[in-house]
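Welcome! Take a moment to look over the sequence and turn the structure around before reading on. The short report below will walk you through a few of its features.

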Amino acid sequence: MDYTFLQNYWWFLISLLGALLVFLMFVQGGQSLVYSVGKEDSEFKLLLGSLARKWEWTFTTLVTFGGAFFASFPLFYSTSFGGAYWVWMIILFSFIVQAVSFEFIYKKNNLLGNATYKFFLFYNGLIAPIFIGVAVSTFFFGAEFVVDKSNIANIGNPVISQWTTAWHGIEAVWGGTTTFHLWNLVLGLAVFFLVRMLGALYFINNIAHEKISERSRRQVLINGVAFLLLFVPYLVKLLVKDGWTEQADGTITVVAYKYLHSLLNNWLLILILLIGVAGVLYGFVCGALCLTSRRGIWFAGIGVVLVVLVLLMLAGIDGSAYYPSLTDANSSLTVHNSSSSMFTLKTMSIVSLIIPFVFAYIWAVWRKMDK
Amino acid sequence: MDLSLIDWSRAQFALTAMFHWLFVPLTLGLGLIMAIYETIYVRTGDEKWKKLTKFWMKLFGVNFAIGVATGIILEFEFGTNWSNYSYFVGDIFGAPLAIEGILAFFLEATFIGVMYFGWEKFGKRFHLASTWLAVIGATLSAWWILVANAWMQYPAGMDFNPDTARNELTDFMAVAFSPVAINKIFHTVTSSWVLGAAFVVGICGWYLLKRRELEFSRRSIKVAAIVGIVGVLLAAHTGHGSAQKVAKHQPMKLAAMEGLYRGGSQADLVAIGVLRPDKQYDDEKDPFLFKIDVPLKGFLSWVSFGSADAFVPGINDIIEGGYPMHDGSTALSFDERVERGKTAQQALRDYRKAMKENDEASKIANKTLLDENMNHFGYGFLKDAKESIPPVGITFYSFHIMVLLGMYFIAFFVIIWFFNHKDMLSKMRWIQFIAVVSIPLAYITSEAGWVIAEVGRQPWTIQDVLPASYSVSNIPTASVKTTFFVFLAVFTALFIAEIKIMLRAIKNGPSYDEN
């Protein structure tokens with residue numbers, strides 16, 4: 001195992017965790033649908049009770065995603081989290097209120113009232129997917145920062161990663177010196193509609209209730225179409241846009257059609273992407289049009305994991321800078337210049353061998369709980 | 001760096017950590033007790049133990065949720081508020097956090113689901129195994145975050161790499177199983193058992209005061225008191241271990257814990273005391289307005305180094321240097337360490353310059369200079385000896401409150417166990433009242449332990465390597481202030497909600513669901 005292999009392996013694991021996180025955000029999608037699919041209190045309880053058995057996996061995947069990113073690419077952790085402060089804080093805040101809401105909502109004497117906790121869940125379902133989508137989009141469209149590792153010994157200005165806009169992350173949504181934020185918003189909204197579609201598919205699969213099922217199928221149709229209308233242009237834009245690329249001497253330059261070339265150079269990614277797209281579309285059709293099928297969540301879920309995996313892989317492989325700097329191209333982060341040391345990656349890789357066992361027991365318990 | 005930014009960043013981290021620590025020890029302690037209750041149920045088949053388990057599980061769930069909510073922010077705050085730190089030591093510090101997620105969080109999350117929703121879906125034994133796995137998951141999670149924290153107190157298993165300008169992991173076992181980490185883990189987990197036991201005994205004390213749930217309380221206390229005794233004795237033992245590690249690796253923290261400005265051989269341990277608020281390290285005032293020492297000559301020396309004749313340095317000794325260290329060497333003064341720290345930093349700057357100019361000879365020379373002085377790297381950031389002293393008052397009082405309450409809990413659990421065993425507790429109202437009051441005392445003890453660990457480590461985020469003032473993210477102070485007050489408001493509201501829900505559940509009692 002050489003250093004480059006380990007760096008790419010960890011980029012794959014980060015991409016996989018990110019892909020699983022997007023799939024598991026069907027919980028957030030479900031939360032944002034509670035007011036649309038549920039019409040009376042007994043239906044709310046069914047919907048929230050169903051999601052209550054799954055929310056911790058989403059939450060845990062997010063925490064693990066953060067921990068794994070920190071361990072394998074600490075320079076990203078310090079640059080993005082310490083720079084795009086507000087984007088991450090807004091995301092985290094929405095998860096804080098989510099975690100308690102499932103437990104507190106139907107408890108007596110819960111201080112804020114059931115409606116408040118229900119709103120908290122809706123709020124998390126709205127904010128988290130949009131802002132996570134925006135944050136992921138900056139992997140392709142960049143952010144405004146500079147990195148100088150020598151600054152650690154600079155007594156006057158000891159800051160290694162420096163954000164160069166006063167907006168500290170908000171510019172990714174509202175713009176700043178660029179107009180790229182519109183594409184960030186497109187992906188943010190696409191993720192929002194995607195997880196709503198997944199949430200509706202999950203309800204169809206998990207709750208045997210005629211009205212809930214009927215309303216959920218309508219939501220699959222509405223949100224699925226909205227997702228496709230946003231995501232297809234985003235994907236096309238991605239494939240025709242320039243990308244920041246690390247050259248042999250370590251400098252970073254802009255290359256035309258970078259992501260398209262990376263994709264065309266890798267037949268396996270094309271295959272995975274096609275299977276993923278087919279899965280998402282089949283799941284969508286199962287949920288929206290086949291009135292008897294309840295298995296759409298599995299097709300769409302697997303499809304989402306595969307598509308997001310390919311997208312995140314594209315951001316980092318083949319010399320691409322997965323976190324481009326719009327201020328100073330050479331400050332852009334690549335899997336090579338931002339990873340942990342070889343020893344740390346090797347140690348972590350040994351630990352990562354346990355991941356299949358983790359998946360196995362989660363799968364077994366999930367199946368048993370849903371019976 | 002803007003001082004108010006550093007202070008607000010510290011305040012935000014302290015706020016989230018202290019709120020988080022209101023919930024974690026109860027998860028660890030009550031989790032263990034609850035798992036023992038369920039084990040007894042499975043072994044005896046007695047439905048009363050099942051009912052009892054389910055009641056405590058209900059309270060566990062309310063507490064667990066808010067623990068999770070406050071925990072997520074802590075992990076990400078390393079990045080959002082301490083970005084320099086995250087890069088400078090992320091190669092080492094990130095690994096325990098990732099392992100925590102992979103090994104512990106999923107175990108905890110998966111089997112807690114079974115614990116709550118699986119009573120009817122799974123067999124008794126599988127359910128019991130799930131409860132234990134959830135508790136083990138929570139404990140493993142604590143294990144890894146404590147490994148990370150212990151490393152900040154005692155950085156080991158690393159090397160500084162000037163090419164990447166950061167510290168890098170060289171020995172994972174030295175980090176994961178450092179003596180400081182092992183001691184910290186056992187001390188923290190066993191003291192959490194004490195808090196869990198005090199929680200159970202306290203609530204049962206309230207039932208007994210109200211003359212209800214007598215049989216339920218007797219059974220609950222039977223297990224909790226034993227867990228409390230075992231926990232507090234182990235916590236006392238590992239606490240002694242902690243003091244020895246602090247004496248060896250963080251002498252300034254120990255000096256602050258004892259309010260010790262001038263040390264020496266046969267140093268005495270303060271039993272109780274009141275510090276002089278205006279005391280400065282460079283004046284000759286008596287640090288205490290009032291104090292009573294433990295009446296054993298050289299007890300602090302013995303506690304710290306296993307010998308009543310050992311030299312324990314005070315704050316002034318550490319600043320002035322020249323005293324004998326535990327490894328036989330002579331301590332450097334603050335000024336000498338600052339000088340060597342600056343030499344290390346200059347060597348790093350020159351090394352980086354040589355890198356850009358491809359000057360191999362200069363690289364080698366500066367790498368040698370850097371290696372020779374790297375142990376003092378962090379001191380190069382400090383300007384005044386005063387900066388190297390942690391807040392003495394907070395550290396001193398927290399330490400003594402923790403120790404005194406720790407001793408109180410030894411007596412408390414022995415007395416509770418004895419009278420419960422004799423079936424006399426239900427008639428002894430004064431003990432029932434003390435049991436109720438002991439719940440907040442257990443929380444004060446637990447929080448005090450963390451205040452000693454974290455405030456006593458100041459000014460460092462990583463002992464001797466990086467001060468807090470050079471660890472922060474460069475974000476506007478107003479942003480940190482805003483998030484501080486948002487978290488303060490939200491956490492306070494959620495904490496009040498948690499207490500209200502718990503109080504209602506306790507008032508309703510274990511039979512409520514059946515009714």
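## A covered helix

Let's begin with helix 5 of chain A, which spans residues 74-83 and is mostly covered, with 10 of its 10 residues buried. Keep in mind as you look that this is a predicted model.

Which residues of helix 5 of chain A are buried? Reading along helix 5 of chain A, you meet the buried residues A:Pro74, A:Leu75, A:Phe76, A:Tyr77 and A:Ser78, followed by A:Thr79, A:Ser80, A:Phe81, A:Gly82 and A:Gly83.

## Two helices side by side

Two packed helices are described by the angle between their axes and the distance between the axes. Try this on helix 12 (residues 267-288) and helix 13 (residues 296-316) of chain A: their axes come within 7 Å and cross at roughly 150°. Because of that angle, helix 12 of chain A is roughly antiparallel to helix 13 of chain A.

The crossing of helix 12 and helix 13 of chain A is left-handed. Their contact is made up of 20 nonpolar and 6 polar residues, with no charged residues.

## Where the chains meet

Now find the place where chain B touches chain A: 65 residues of chain B are in contact with 61 residues of chain A. On the chain B side, two or more residues come from each of helix 2 (47-80), helix 3 (83-117), strand 2 (166-169), helix 11 (334-357) and helix 15 (477-508).

Which element of chain B gives the most to this side? Helix 3 of chain B does, with 24 residues. By class, the chain B side that touches chain A has 37 nonpolar, 19 polar and 9 charged residues.

Key: Residues numbered from 1 in each chain as written. Chains lettered and ligands numbered in written order. Predicted model: local features only at pLDDT ≥ 70, side-chain atom pairs only at ≥ 80, totals over all residues. Contact = placed C-beta atoms within 7 Å. Helix = DSSP H or I, 4+ residues; strand = E, 2+ residues; numbered from the N terminus. Nonpolar A, V, L, I, M, F, W, Y, C, P; charged D, E, K, R; others polar. Axes fitted to C-alpha atoms, helices over the stretch in contact; angles between N-to-C directions. Parallel < 35°, antiparallel > 145°, perpendicular 65-115°, else oblique. Left-handed = near helix turned anticlockwise from the far one by under 90°. Buried ≥ 20, exposed ≤ 12 C-beta atoms within 10 Å, placed from the backbone.
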